[in-house]
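Hi,

Here is the model I said I would pass on. Have a look at it first, and then read my notes below.

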Amino acid sequence: MSDAGPYVSTSNYAPDQLPFLAYSDIYNDQARATAHLHPLTQMAKDLGSSASTPNFVWFAANEANNGEGPIDFPGGILHYIGGLLTNRQYNVKASDQFLQQTIPTIVNSDVWNDPSQKSAIFITFDEDSDNLS
């Protein structure tokens with residue numbers, strides 16, 4: 001999500017990346033959405049204390065790292081086009097980079113390492129090596 005808020009599309013974010021906006025009681029309540037949906041840049045701050053860490057968190061990669069499109073120009077665009085013409089996924093590397101940057105922030109946080117807190121990480125991935133599936 002961008003710093004502009006959950007409803008604002010930017011070059012690096014689309015609101016459809018957050019499943020919570022599919023629920024009308026969240027989408028139609030801008031105050032609720034703004035209070036609970038935050039950009040990834042706030043993650044490290046929130047994980048600094050159990051008082052500021054939510055009970056449930058959904059981290060979504062931005063457009064550059066979600067595995068669905070090119071991450072640079074012109075090489076990424078050419079790789080993307082090549083991927084569409086083959087059965088090879090073109091941007092799994094970007095998703096891997098996102099995880100390599102995000103997971104250490106979580107597992108090295110005070111909250112994660114507090115023995116009185118119980119935490120789990122579930123990684124879901126809907127991209128594969130077959131663009132034709």
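Below is what I found, starting with the overall fold and then moving to one helix and two pockets.

Before anything else, keep in mind that this is a predicted model. The protein chain has 133 residues, and 28% of them are buried. As for secondary structure, there are five helices and zero strands, so to speak an α-α-α-α-α run from the N terminus on. Of the contacts between residues at least 6 apart in sequence, 56% join residues at least 24 apart.

The helix I spent some time on is α5, which covers residues 92–107. Does its length add up, and what span should one expect for its 16 residues? At 1.5 Å a residue they should span 22 Å, and the end C-alpha atoms are 22 Å apart, so the two agree. Its buried residues are Ala94, Ser95, Phe98, Thr102 and Ile106. Looking down the axis of α5, these fall within an arc of 95°, which means that they line one face of the helix. The face turned away from that buried side carries the exposed residues Lys93, Gln100 and Gln101. If you want to know what covers the buried residues of α5, α3 is included in the cover.

Now the pockets. The largest pocket has a volume of about 1,200 Å³. Its lining is made up of 37 residues, and those nearest the centre are Val57, Trp58, Phe59, Ala60 and Phe122. By class, that lining divides into 19 nonpolar, 12 polar and six charged residues.

The second largest pocket comes to about 600 Å³. Here 25 residues form the lining, with His36, Leu37, His38, Val57 and Trp58 nearest the centre. Two elements, α2 (30–36) and α3 (43–46), each give two or more residues to this lining. Which of the elements gives the largest share? That is α2, with four residues. Sorted by class, the lining of the second largest pocket has 17 nonpolar, six polar and two charged residues.

Two links are handy when you go through the model. Val57 and Trp58 are listed nearest the centre for the largest pocket and also for the second largest pocket. Likewise, α3 turns up both in what covers the buried residues of α5 and in the lining of the second largest pocket.

Over to you, and write back with any questions.

Cheers

Definitions and conventions. Residues are numbered from 1 along each chain as its sequence is written. This is a predicted model: local features need pLDDT of at least 70, side-chain atom pairs count only at pLDDT 80 or more; totals for chains, interfaces and linings use all residues. Side-chain values use heavy atoms; hydrogens and water are left out. On a 1 Å grid over the protein atoms alone, a cavity is a set of points where a 1.4 Å probe fits but cannot get out, and a pocket is an open set with protein on both sides within 12 Å along at least five of seven lines; lining residues have an atom within 4 Å of a point. Grid points are joined across faces, edges and corners, and a volume is the space filled by probe spheres set on the points. Ala, Val, Leu, Ile, Met, Phe, Trp, Tyr, Cys and Pro count as nonpolar, Asp, Glu, Lys and Arg as charged, and the others, Gly among them, as polar. The expected span of a helix is 1.5 Å times one less than its number of residues. Buried means under 20% relative accessible area, exposed over 50%, partly exposed in between (1.4 Å probe, protein chains only). The arc is that of the directions from the helix axis to the C-beta atoms. Contact means heavy atoms within 4.5 Å.
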